[in-house]
Amino acid sequence: MMKFISSLLSRLLHAYGNSKTNSNSSGEAPINSIPREVFTEILAKVASASLADHFNANQSCKLFHEAGCDNLIFQHASVEQLPIIQWYPKPEISTFLKQCEEAQNPEVLYRQGMVEFFHNNETELGKELLQKSANLGHVVAAYVLGIILIDAGDDDEDVLRGKQLLTQKSRCTRNKRSRSGEIDECRKKAKKSIDGMWVNNSLSGAKKYSCNNLECTARNQTYEADNQVLECETCNCNKEVAYFYDMLGIMNN
């Protein structure tokens with residue numbers, strides 16, 4: 001995909017360079033005849049793959065720069081190359097991330113939610129941002145929010161919603177190997193986020209719910225820190241909460 005996009009960008013930039021000397025009779029450069037939506041879609045694909053390529057393309061010509069201001073770009077932009085907290089923020093990066101947040105970029109909302117909850121101790125704002133990200137389909141945001149609600153929910157309704165967030169993806173994915181891979185990916189991304197900040201607000205470490213399924217072979221057992229998917233939803237939730245506690249260095253009571 002990136003080779004295709006790079007090739008397409010090169011051809012468009014080449015056309016732009018030639019247009020300065022080879023304009024048609026109407027005086028309109030060939031590249032100006034291309035709809036802006038085309039540039040926007042191209043830059044959205046570039047931004048979703050590489051932030052550096054996005055900035056380079058955005059600075060290459062006026063048309064790319066104008067198209068690069070579209071909300072679609074900020075909504076799909078990849079920020080994986082950036083640390084979760086900008087310890088020494090550059091103005092252009094801070095502005096870019098703010099535009100991504102305003103455009104409802106799921107990854108940026110997830111990251112900001114993690115920072116607000118665990119680093120800034122703004123728990124309600126953190127949960128709100130994680131919920132927005134989860135609503136946009138961000139799997140890791142749903143995973144973390146589920147654990148937070150189970151651990152620190154205000155009432156039984158919050159706990160139930162937390163369990164639903166942790167188990168809904170598993171119910172949608174029938175293949176155990178796929179479910180196991182999804183859990184592993186959620187754990188890795190959540191750990192990477194936590195490792196990138198000072199944790200000033202943690203979880204209680206006190207929650208574990210009884211499994212009432214008499215046929216469940218995992219009930220009342222100590223859960224191993226692997227990504228095996230259990231048949232019992234309650235035990236799966238307990239297992240992921242226990243793993244998250246361990247990741248935060250919390251003793252599970």
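How many disulfides does the structure hold? The count comes out at zero. This is a predicted model, and two of its cysteines are worth a quick look in that light. Cysteine 100 sits at 0% relative accessibility and counts as buried. Cysteine 237 also counts as buried, at 4% relative accessibility.

Zooming out, the fold is helical: the protein has 12 helices and zero strands. Read along the sequence, that gives the pattern α-α-α-α-α-α-α-α-α-α-α-α. Of the 253 residues in the protein, 43% are buried. As for how the chain packs against itself, take the contacts between residues at least 6 apart in sequence: 66% of them join residues at least 24 apart. On the outside, the protein exposes about 14200 Å², with carbon and sulfur atoms supplying 48% of that area.

Part of the surface is a nonpolar patch formed by Trp87, Tyr88 and Trp198, which together offer about 510 Å² of accessible area. Tryptophan 87 belongs to the loop between helix H5 (71-76) and helix H6 (91-102). Its relative accessibility is 45%, so tryptophan 87 counts as partly exposed, because that class covers values between 20% and 50%.

Next along the chain comes the loop between H6 and helix H7 (106-119), home to asparagine 105. Here the picture is one of burial: asparagine 105 has a relative accessible area of just 2% and is therefore buried. A polar atom of its side chain lies 3.2 Å from the backbone oxygen of glutamine 75. Leaving aside residues up to four places away in sequence, asparagine 105 touches Phe74, Gln75, His76, Ala77 and Cys100. Cys100, one of these neighbours, is the buried cysteine with 0% relative accessibility.

Glutamine 104 lies in the loop between H6 and H7 too. With a relative accessible area of 29%, glutamine 104 is partly exposed, whereas asparagine 105 is buried. The backbone is also a bit unusual to look at here: phi of glutamine 104 is near 65 degrees, a positive value in a residue other than glycine.

A positive phi turns up again at asparagine 121, where the angle is near 60 degrees, once more in a residue other than glycine. Asparagine 121 is found in the loop between H7 and helix H8 (123-135). At 42% relative accessibility, asparagine 121 counts as partly exposed.

Notes. Residues numbered from 1 in each chain as written. Predicted model: local features only at pLDDT ≥ 70, side-chain atom pairs only at ≥ 80, totals over all residues. Heavy atoms only, no water. Patch = residues over 30% accessible without salt bridge, like charges linked within 9 Å, V, L, I, M, F, W, Y side chains within 5 Å. Areas by Shrake-Rupley, 256 points an atom, 1.4 Å probe, with all protein chains shown as cover. Salt bridge = Lys/Arg side-chain N within 4 Å of Asp/Glu carboxyl O. Helix = DSSP H or I, 4+ residues; strand = E, 2+ residues; numbered from the N terminus. Buried < 20%, exposed > 50% of the residue type's maximum accessible area, 1.4 Å probe, protein only. Polar contact = N/O pair within 3.5 Å; in protein donor to acceptor, adjacent residues only side chain to side chain. Contact = heavy atoms within 4.5 Å. Disulfide = S-S within 2.5 Å.
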